[in-house]
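Student: I would like a close look at one part of this model. Please take me through the paired strands, and then through what lies around them.

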Amino acid sequence: MEKGNMGGILRTKSDQLVESMMAALKSPQSSDHSTNGVEGSGGLSRKSSRRITAASPGRGGGKNTHIRKSMSAQMKIELDELSSGAALSRASSASLGLSFSFTGFTMHSDQIADSRPFSDDDMIPEDIEAGTRTKTKFQTEPTLPIYLKFTDVTYKVVVKGMTSSEEKDILNGISGSVNPGEVLALMGPSGSGKTTLLNLLGGRLSKTTIGGSITYNDQSYSKFLKSRIGFVTQDDVLFPHLTVKETLTYAARLRLPNTLTKEQKEKRALDVIYELGLERCQDTMIGGSFVRGVSGGERKRVCIGNEIIINPSILFLDEPTSGLDSTTALKIVQMLQDIAEAGKTVVTTIHQPSSRLFHKFDKLILLGKGSLLYFGKAAEAMNYFQSIGCSPLISMNPAEFLLDLANGNINDVSVPSELDDKVQMGNAEVETTYNGKPSPAVVHEYLVEAYESRVAETEKKKIMVSVPLDENLKAKVCSPKRQWGASWDEQYSILFWRGIKERRHDYFSWLRITQVLSTAVILGLLWWQSDAKNPKDLQDQAGLLFFIAVFWGFFPVFTAIFTFPQERAMLTKERAADMYRLSAYFLARTTSDLPLDLILPVLFILVVYFMAGLRLSVAPFFLTIVTVFLCIVAAQGLGLAIGATLMDLKRATTLASVTVMTFMLAGGFFVQKVPIFISWIRYMSFNYHTYKLLLKVQYEHLSPSINGVKIDSGLTEVAALVAMVFAYRFLAYLSLRRMKLQTGS
């Protein structure tokens, strides 16, 4: 009888639901808002109800808006009452806007509309004046599923002392696994080895000191995986003067496959901006220490966008919530969960998460002093530690409880019976603290032994089970070929224009312009309308020409020294992801400065040349500019070589000061007769060759010799400067190649 009554109630409910839906479809007020948004589904979305309600009265909202909202809410409640299974509740939660479409595992749009009548992702026209915008979804090629496994992973570093060196263990036998659709959290106190383990799994460290096994779909690491792995570093390594849109657009053009057109890549960047909720700040500069820009949470989302734009199979993140408030951190972790649900494998280190964050993780690895204290489901971690006698004595955040245990702090934790018995019996082998509890070292040893004896073998057996994939997918992972997103000339072009956009703010800063123009004005006043026909004035003009050679040799060297040390983090990050070839970067980086380098010297010469009364003729004027430009490019090469070789600003500045001073003294103005055993230095000095060229340009019509310098065509000096331009830059390139090998990227 009860079954019959229940069936009648269900039929009545369903009839009411059908009637209410038919009424909604016939309503003329709702038809305008549902035509484009429902896309053939015939239903009202919860999102549309919220957006229509948000519109102000008098703009199409009014009484009908509230009727539609209540009708939609009633329909949702009746649907929930009709369902008694877990499947409908999962579908309901999936429609709360928590789904990302970063992969191709998507249904046809018509099927989506039919199967999810209450989806938050339905497209609807909105009231622009209400301040809302439509979020679009984008689809990419299907993601290659990658099952990550690692067993007995060890890592050692060599610590060099004054007299000897010793090996230090960073990781001791770490095992675990993570599958597509899961989020694995690496937790532990500072210095426990979280970041080292993350770098090992991401292929960012040298293989010589690694022990154990790390496999991707049961295959070892290969360079092919660089295009399948997204790696978000702890520090937000971004160019401060580029906007959010420019940053993601350049990343898309460099990293996405070259089968896509430029327009498709730029559209993908815009789609990522909307997916990550960055549309409000897309035209805002990223900012940095001295440049105001986006907020910390937005910077972190830009970093994540840089990686997910390539549709990676695995996403590694190093402490993505550091420095963020709890609400922003929760949004970031929720985003990671959404990305994982789209078929990706997500591994992240986490530092001091809130309880809400902790419950978002699928799997957990707890590290302490480089040893594994727990691996398994995050939801079962508390049960495991209670089973070995460690349970909190007060209400606390599960993450805080686990971090206390990893630190050996058991002040608010029950002491395991085994250790308590040893302490009570006064066992001499058990160190205790002042309150009679076991010391942190003893607690750490107990936790390691407990995990190895109770759980480790079982988990290793689970990890050893082969991945359920066909051989083609496994073969793709072990492909030795790299995948470049753009050809060499495209990489050069993109990096060239990116460099100009980034550094134009520095080149045209008021400080630099004031420095150059003020120096030019002072020189023009000191040498005001000097006459070269007078021998005394000619000597004065020679001093002016030598100062010009020194100034435009000194200035570029100390500017170029900062180039590679400042961009080292960015270069390492982008090269580790195979965004471009090092040769394309180096050539673009060195040539993008040339147009900017020409502007200030031209302004300088324009002021000095006419104020000082130098030779008033077209050819000498332009030859003077060319000579100064050659000096600048050669001096820049020296600065690039010193900076790239040392990669330390203090040491590089010291070496550059000594070098530039030596070149200046050997430049031919202070000492004309240099001892033969040291005279070779002047031929390496760009000041010497520039000074001689300037004399020949200005006084070729006056005398066959000026200050011991023979006036001729000057081809020897030009050849020497051109040789320096290429030689110094080649040395800088070789130094960068060496740096790349040292970082293991």
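Tutor: Start with the strand pair. Strand S5 (residues 229-232) and strand S6 (residues 314-318) run parallel, joined over four bridges. One register point helps you find your place: valine 232 has leucine 317 in S6 as its bridge partner. Keep in mind that this is a predicted model.

Now look at the two faces of S5. Ile229 and Phe231 point one way. Gly230 and Val232 point the other way. Both sets are buried.

Ile229 leads to the next stop, arginine 255. Ile229 is among the contacts of arginine 255, once neighbours within four places in sequence are left aside. The others are Asn306, Glu307, Ile310, Gly485, Ala577 and Met579. Arginine 255 sits in helix H8. Is this arginine buried or exposed? Its relative accessibility is 12%, and the cut-off for buried is under 20%, so arginine 255 counts as buried. Its side chain also has a polar partner: a polar atom there lies 3.0 Å from the backbone oxygen of asparagine 306.

Asparagine 306 takes us on to the largest cavity. Asn306 is one of the lining residues nearest the centre of that cavity, along with Thr247, Ala251, Arg498 and Glu574. The lining has 15 residues in total. The cavity volume is about 130 Å³. Helix H8 (244-255), helix H10 (296-308) and H21 each supply at least two lining residues. H8 gives the largest share, four residues. By class, the lining has eight nonpolar, two polar and five charged residues. Across the whole structure, a search finds seven cavities of 30 Å³ or more.

H21 carries us to the largest pocket. H21 provides the largest share of the pocket lining, five residues. The pocket holds about 1100 Å³ of space. Its lining comprises 36 residues, and Pro240, His241, Glu502, Asp506 and Gln566 lie nearest the centre. Two or more lining residues come from each of helix H18 (488-507), helix H19 (510-526), helix H20 (535-560), helix H21 (563-576), helix H22 (582-591) and helix H24 (618-646). The pocket lining divides into 15 nonpolar, 11 polar and 10 charged residues.

To retrace the route: S5 pairs with S6. Ile229 touches arginine 255. Arginine 255 reaches the backbone oxygen of asparagine 306. Asn306 helps line the largest cavity. H21 contributes to the lining of that cavity, and H21 also contributes to the lining of the largest pocket.

Methods: Residues numbered from 1 in each chain as written. Predicted model: local features only at pLDDT ≥ 70, side-chain atom pairs only at ≥ 80, totals over all residues. Heavy atoms only, no water. 1 Å grid on protein atoms, 1.4 Å probe; cavity = no way out; pocket = protein on both sides within 12 Å on 5 of 7 lines; lining within 4 Å. Points joined across faces, edges and corners; volume = space filled by probe spheres on them. Nonpolar A, V, L, I, M, F, W, Y, C, P; charged D, E, K, R; others polar. Buried < 20%, exposed > 50% of the residue type's maximum accessible area, 1.4 Å probe, protein only. Polar contact = N/O pair within 3.5 Å; in protein donor to acceptor, adjacent residues only side chain to side chain. Contact = heavy atoms within 4.5 Å. Pairing = 2+ DSSP bridges.
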